[in-house]
Amino acid sequence: MAGLLDTVRSLIAPLTRTRAFRAVGPVLLPPLERAVAWCSGGRLQVSALLVPSLVLHSTGARSGRQRDTYLMYTPDGPGRAIVAGSAFAQDRHPAWTYNLLAHPDASISVHGRRIPVRATPVEDGERDAVWAQIERQWPGYRQYERTSGRVVRLFRLERLPRT
């Protein structure tokens, strides 16, 4: 099964880096993710058909309001995940990255299960190794960084003990 999934990813990944996908993806995918999550009680995500996916529950940097964002993640050992602020290669950082910089304590939902986490920006010295780890899961994903013309923010999410 893993071999089939890797083959499908390698076929679909180049399509996600096209100009057409980068134009349509940010418009169509978020409402589609919300609809599927609503229908499944938060247990399913469209993106999870191809890659590990989560819902990031963060606090708005300026508003202080709860914000939910559907993201791909890369497992990083027990209780840890890596997320990339690629924003479909747009030229600005996504809002959720500002939220994590302002309020690093957040939570994630994976398969409908909510987990408290702390977000830590990935240090410059680790970036290449982390990108390599991400690209083992999704080939060519770093191309979003090159296309955007900015340094994509990478965060390590680490599970917090339940209080």
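Is R114 buried, partly exposed or exposed? In this predicted model, R114 is partly exposed, because its relative accessible area is 40%, which falls between the 20% limit for buried and the 50% limit for exposed. Let's use R114 as a way in. You'll find R114 in strand β6. Look at what surrounds it: setting aside residues within four places in sequence, R114 is in contact with H57, Q66, S107, I108, S109 and R162. With S107 there is a polar contact, side chain to side chain, of 3.0 Å. You can also see how the fold brings parts of the chain together here: R114 and V55 are 59 residues apart along the chain, yet their C-alpha atoms are separated by 8.9 Å.

One of the contacts of R114 is I108, and I108 takes us inside, to the largest nonpolar core. This core has 16 residues, and the ones that touch the most other members are L54, L56, V83, W96, L100, I108 and L157. Who builds it? Strands β1 (53-59), β4 (80-84), β5 (105-110), β6 (113-121) and β7 (154-159), along with helix α3, each supply at least two residues. If you're wondering about the general idea behind such a cluster, nonpolar side chains tend to be buried together in soluble globular proteins.

Zoom in on L157 for a moment. Not counting residues up to four places away in sequence, L157 touches L54, G79, R80, A81, V83, L100, I108, V117, R118 and A119. There's also a second, separate core of 15 residues, and among its members are V130, W131, Y144 and V152.

Two of those members, W131 and V152, bring us to a charged neighbour, E145. Both W131 and V152 are touched by E145, as are R127, R150 and V151, once residues up to four places away in sequence are left out. E145 sits in helix α5, which covers residues 143-148. Is E145 buried or exposed? E145 counts as buried, because its relative accessibility is 10%, and the cut-off for buried is under 20%. The side chain of E145 isn't without a polar partner, either: it reaches the backbone nitrogen of V152 at 2.9 Å.

R150, another contact of E145, leads on to H93. The side chains of H93 and R150 are joined by a polar contact of 3.1 Å. H93 lies in the loop between β4 and α3. Apart from residues up to four places away in sequence, H93 touches Y98, R150, V151 and R153. So R150 and V151 turn up as contacts of both E145 and H93, by the definition of contact as heavy atoms within 4.5 Å.

Stay in that loop between β4 and α3, and you'll come to F88. F88 has a phi near 55°, a positive value in a residue other than glycine. With a relative accessibility of 22%, F88 counts as partly exposed. For another residue with a positive phi, go to H111, in the loop between β5 and β6. Its phi is near 55° too, and H111 isn't a glycine either. H111, though, is exposed, with a relative accessible area of 62%.

F88 also points us to the largest pocket, where about 1,200 Å³ of space lies. Its lining has 37 residues, and the closest to the pocket's centre are P30, T69, Y70, L71 and F88. The elements that give two or more residues to this lining are α1 (2-16), α2 (19-40), β2 (66-72) and α3 (95-102). What mix of residues makes up the lining? There are 22 nonpolar, nine polar and six charged residues.

Now for some wider views of the model. Helix α2, one of the elements lining the pocket, is also the home of A23. A23 is exposed, with a relative accessible area of 52%. Try spotting A23 and G79 together: they are 56 residues apart in sequence and 34 Å apart in space, C-alpha to C-alpha. Then look for E123, in the loop between β6 and α4 (127-137). E123 counts as exposed at 53% relative accessibility. From E123 to V8, the C-alpha distance is 31 Å, and the two residues are 115 apart in sequence.

Note on methods. Residues numbered from 1 in each chain as written. Predicted model: local features only at pLDDT ≥ 70, side-chain atom pairs only at ≥ 80, totals over all residues. Heavy atoms only, no water. 1 Å grid on protein atoms, 1.4 Å probe; cavity = no way out; pocket = protein on both sides within 12 Å on 5 of 7 lines; lining within 4 Å. Points joined across faces, edges and corners; volume = space filled by probe spheres on them. Helix = DSSP H or I, 4+ residues; strand = E, 2+ residues; numbered from the N terminus. Nonpolar A, V, L, I, M, F, W, Y, C, P; charged D, E, K, R; others polar. Core = buried A, V, L, I, M, F, W, Y, C linked by side-chain atoms within 4.5 Å. Buried < 20%, exposed > 50% of the residue type's maximum accessible area, 1.4 Å probe, protein only. Polar contact = N/O pair within 3.5 Å; in protein donor to acceptor, adjacent residues only side chain to side chain.
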